[in-house]
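Hi,

Here is the structure I promised to pass on. My notes follow below it, so have a look at the coordinates first and then read on.

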Amino acid sequence: PSESRMVITFLMSALESMCKELAKSKAEVACIAVCETDVFVVGTEKGKAFANTRKDFQNDFVKYCITEEANATDLQSTKSTSLVSSRIMDSAEKEALRRSVEDLFCICYGKALGKSTPVPVPYEKMMRDKAAVVVQGLPDDVTFGHPSTYKPEILKRILDSKSQLSFIVKRPFLESKKQQGDDLSVCDIESTLITPDSFHPIHVKREPSEDSGSSLELTAITVKEEAEDPNYFQYSIPGSSEGRDPDGR
């Protein structure tokens, strides 16, 4: 404030000098300056004398400046409040429009299913499998989607054409690949896990029969390797109906 007052004093002094120059040309000038509640009077000799005798004029000028400043502040505050209120109203209006369109879609989908009551619209399935349910009667250049994705003007256009809107169910929705994968049976999973690479040939010792004097020989057979327990094998020895473990038990 002190620096501002020094600037004002300097400028008023410069204005005083200009008034003196104007007096040389026989021009009379009276100036009243107001800064907050301070009043500055400059001008020619006659001009200053007139201004100093009109204290009422000075007071009226001060009141006018203070009132105008207060009005400007109130106007700015009003504009800010109006802007906030307008945004709140716009948001509330958009939410009301969105709910109206969503209710309209639910009613139309319920009718398509033969229901007399609204049915929640499966937006995700309809967007993924667009051939299952066809939406007719939307305004030009408007594609079907969730109401939250529409602008307010689009929502209004949809509501204006609600009498022409209809849903047509063509066929059931196709299951996604993930869901199909979840429906695989245990047998299907096991069959995909058992591959020819999991079988390896090994050599085992064949024991001679009691009535045979033949010598011991090695016979190659194929067994399945168990991934969880590599020490466990099951196989059948030719001529025997029971399985044995690698230790002959």
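In the protein chain, residues 24 or more positions apart make up 48% of the contacts with a separation of 6 or more. Keep in mind that this is a predicted model. Of the 249 residues in the chain, 21% count as buried. The accessible surface is about 18900 Å², and carbon and sulfur atoms contribute 55% of it.

As for the fold, there are seven helices and six strands. Going along the sequence, they come in the order α-β-β-α-α-α-β-α-β-α-α-β-β.

**The first hairpin**

Strand 1 (residues 30–35) pairs with strand 2 (residues 38–43) in the antiparallel sense, over six bridges. The two strands form a hairpin with two residues between them. E36 sits in that turn and has a positive phi of about 60°. If you want a landmark for the register, A33 is opposite F40 of strand 2.

**Two more positive phi values**

You may want to look at a couple of other backbone angles. K26, in the loop between helix 1 (2–24) and strand 1, has a positive phi of about 65° even though it is not a glycine. With a relative accessibility of 78%, K26 counts as exposed. D141 also has a positive phi, of about 65°, and is not a glycine either. You'll find D141 in the loop between strand 3 and helix 5, where it is exposed with a relative accessible area of 83%.

**A buried aspartate**

D129 belongs to the loop between helix 4 (123–128) and strand 3 (133–136). Is this residue buried or exposed? At 9% relative accessibility D129 counts as buried, because the cut-off for that is under 20%. What does its side chain reach? The partner is the backbone nitrogen of L174, at 2.9 Å. Setting aside neighbours within four places in sequence, D129 is in contact with R171, P172, F173 and L174.

**One face of helix 5**

Helix 5 covers residues 152–160, and its buried residues are I154, L155 and I158. Viewed down the helix axis, these buried residues fall within an arc of 100°, so they line one face of helix 5.

**Salt bridges**

The structure holds eight salt bridges. Here are a few I went through in detail.

E16 pairs with K48, with 3.0 Å between the closest N and O atoms. This pair connects distant parts of the chain, since E16 is in helix 1 and K48 is in helix 2 (residues 45–53), 32 residues apart. On the accessibility side, E16 is buried, with a relative accessible area of 15%, while K48 counts as partly exposed at 22%.

E93 and K156 form another salt bridge, the closest N and O atoms being 3.4 Å apart. This one also links distant parts of the chain: E93 is in helix 3 (residues 55–112) and K156 is in helix 5, 63 residues apart. E93 is partly exposed, with a relative accessible area of 38%, and K156 counts as partly exposed too, at 39% relative accessibility.

Within helix 3 there is a salt bridge between the side chains of E102 and R98, at 2.6 Å from N to O. How far apart are E102 and R98 in helix 3? They are four residues apart, so about one helical turn separates them. R98 counts as buried at 17% relative accessibility, whereas E102 counts as partly exposed at 23%. Both residues also belong to a network of salt bridges that links E95, R98, R99 and E102.

If you only have a few minutes, I'd start with the D129 side chain and its contact to the backbone nitrogen of L174, then go on to the network of E95, R98, R99 and E102.

Cheers

How values were computed. Residues are numbered from 1 along each chain as its sequence is written. This is a predicted model: local features need pLDDT of at least 70, side-chain atom pairs count only at pLDDT 80 or more; totals for chains, interfaces and linings use all residues. Side-chain values use heavy atoms; hydrogens and water are left out. Buried means under 20% relative accessible area, exposed over 50%, partly exposed in between (1.4 Å probe, protein chains only). Contact means heavy atoms within 4.5 Å. Accessible areas come from the Shrake-Rupley method with a 1.4 Å probe; for residues, only the protein chains shown count as cover. Two strands pair if DSSP finds at least two bridges between them. The arc is that of the directions from the helix axis to the C-beta atoms. A polar contact is a pair of N or O atoms within 3.5 Å; within protein, one must be able to donate a hydrogen and the other to accept it, and residues adjacent in sequence count only if both atoms are side-chain atoms. A salt bridge is a side-chain nitrogen of Lys or Arg within 4 Å of a carboxyl oxygen of Asp or Glu.
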